[in-house]
Amino acid sequence: MVKTSRDHEESLNVNYRNASKSKLKETHKDILPSVNWHITKKCNFNCKYCFARFNDLEGILPKEVALKIPKQLKNLGVEKLNIAGGEPLLYPHLMDVLKESKKCGLTVTMISNGSLLNENNIKEMSPYLDWIGISLDSCDEEIQYQLGRGSLDHLSNVIKKTQLIKKYGMGLKINTVVTKLNMNEDMTQLIHKIGPDRWKVFQVMEREGENQNSVKPLLITSEEFQHYCNENDMVLENDTRPKFESNELMRESYLMLGPQGKFFHSSNGPIEYIDTDPLDLASSIDNVPFDDEAFTKRGGFYRWNLGETHMENNCRDSQNLVISEEI
Ligand code: SF4
């Protein structure tokens, strides 16, 4: 049978996974090589489905504590640190954390709503960030607005920022949440035009204590989500396909650190923090529930050092992007 590039990607993933797992065995037998750190609860958007509000937390993690986290994760065997929020750009010590994380040898990625990104900060962060992911749910500004994203300018802003991310040589990811408002959309043309390296598509999720008051009218069934997946399956520029994550697939497949530097999970509904000392993460990692099979199943392993490859190749040719403001 002729092997396609996709087969090649899958086999790379399997090899990579096996290599990662055996390396991890020397450090911690269960830990996944990727951690999502919700570095702040602050956000300038108010998405109705947001399940990372951390309503019960106050204050921010002091810089001296935050800077001790990347090295600890690296020592535990973590390879990739994904900085999320809230909106990470609202964490005042973000640049220091990015620099420290890169210095420790981590692959560093960040998820942003995109609104605060500009050419200056993208350029400043680019030596320390391998990937930037931006949230984009719809081709329709009105739907973005109804979801709580931006002031009828989210789509046009995101398009501009994605071009800058490419210009400065980082991997580009688009995150899309499928809700009642956008479940019948075909995003494939827009995604083709933007040309991300990775497209992640999530089924909207209810999380008790975080969003249950606002998310209910947006919830969709697994059949509705599957319909969206079928309609939006496509081959990206790099010959990979979108990663579709149902509520079921997301369950226990992320290793998550909260804004106060404590591991947390939501296996039983609401967020539960593990009794963690942010200066001693190793002592609590055994108590964090996660399912490494689910991590693999949701496509958690991928060539995340792609960003470094981009940097080696210097800036990508953004001239090839023909993106009109109207899409
Ligand atoms: S941009 Fe992200 S963190 Fe902010 S409200 Fe929306 S989903 Fe939540």
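This report walks through a predicted protein model, from its overall make-up to one buried strand, its partners and the ligand shell.

**The whole protein**

Let's start with the big picture. The protein holds 13 helices and 10 strands. Of its 327 residues, 40% are buried. If you look at contacts with a separation of 6 or more, 76% of them join residues 24 or more positions apart.

**A strand on the inside**

Now find strand β3, which covers residues 107-112. Since 6 of its 6 residues are buried, strand β3 is largely enclosed by the rest of the structure. Try looking at each side in turn: Thr-107, Thr-109 and Ile-111 cover one face, Val-108, Met-110 and Ser-112 the other, and all of them are buried.

**Partners of β3**

Two strands that pair with β3 are set out here, each with a residue pair you can look up in the structure.

| Partner of β3 | Residues | Direction | Bridges | Example pair |
|---|---|---|---|---|
| β2 | 80-84 | parallel | 4 bridges | Lys-80 in β2 and Thr-107 in β3 |
| β4 | 131-135 | parallel | 4 bridges | Ile-111 in β3 and Gly-133 in β4 |

How does the chain get from β2 to β3? The path goes through helix α4 (residues 94-103), and this β-α-β crossover is right-handed. Moving on along the chain, β3, helix α5 (residues 119-125) and β4 also form a β-α-β unit, and this unit is right-handed.

**The nonpolar core**

Which residues touch the most other members of the largest nonpolar core? They are Leu-81, Leu-129 and Ile-132, in a core of 64 residues. Helix α7 (residues 154-167) is the biggest giver to this core, supplying 5 residues.

Ile-132 is a nice residue to click on. Apart from neighbours within four places in sequence, Ile-132 is in contact with Met-110, Ser-112, Ile-165, Met-170 and Leu-172. Two of these contacts, Met-110 and Ser-112, may look familiar, as both are among the buried residues of β3.

**Around the ligand**

Finally, turn to the ligand. The residues around the ligand include three cysteines, Cys-43, Cys-47 and Cys-50. Phe-45, Asn-46 and Ala-52 also belong to this shell, as do Gly-85, Gly-86 and Glu-87. Asn-113 and Ser-135 complete the set. What classes of residue make up the shell around the ligand? There are 5 nonpolar, 5 polar and 1 charged residues in the shell.

Key:
Residues numbered from 1 in each chain as written. Predicted model: local features only at pLDDT ≥ 70, side-chain atom pairs only at ≥ 80, totals over all residues. Helix = DSSP H or I, 4+ residues; strand = E, 2+ residues; numbered from the N terminus. Buried ≥ 20, exposed ≤ 12 C-beta atoms within 10 Å, placed from the backbone. Contact = placed C-beta atoms within 7 Å. Near = placed C-beta within 6 Å. Nonpolar A, V, L, I, M, F, W, Y, C, P; charged D, E, K, R; others polar. Pairing = 2+ DSSP bridges. Right-handed = clockwise from strand over helix to strand, strands pointing away. Core = buried A, V, L, I, M, F, W, Y, C linked by C-beta atoms within 7 Å.
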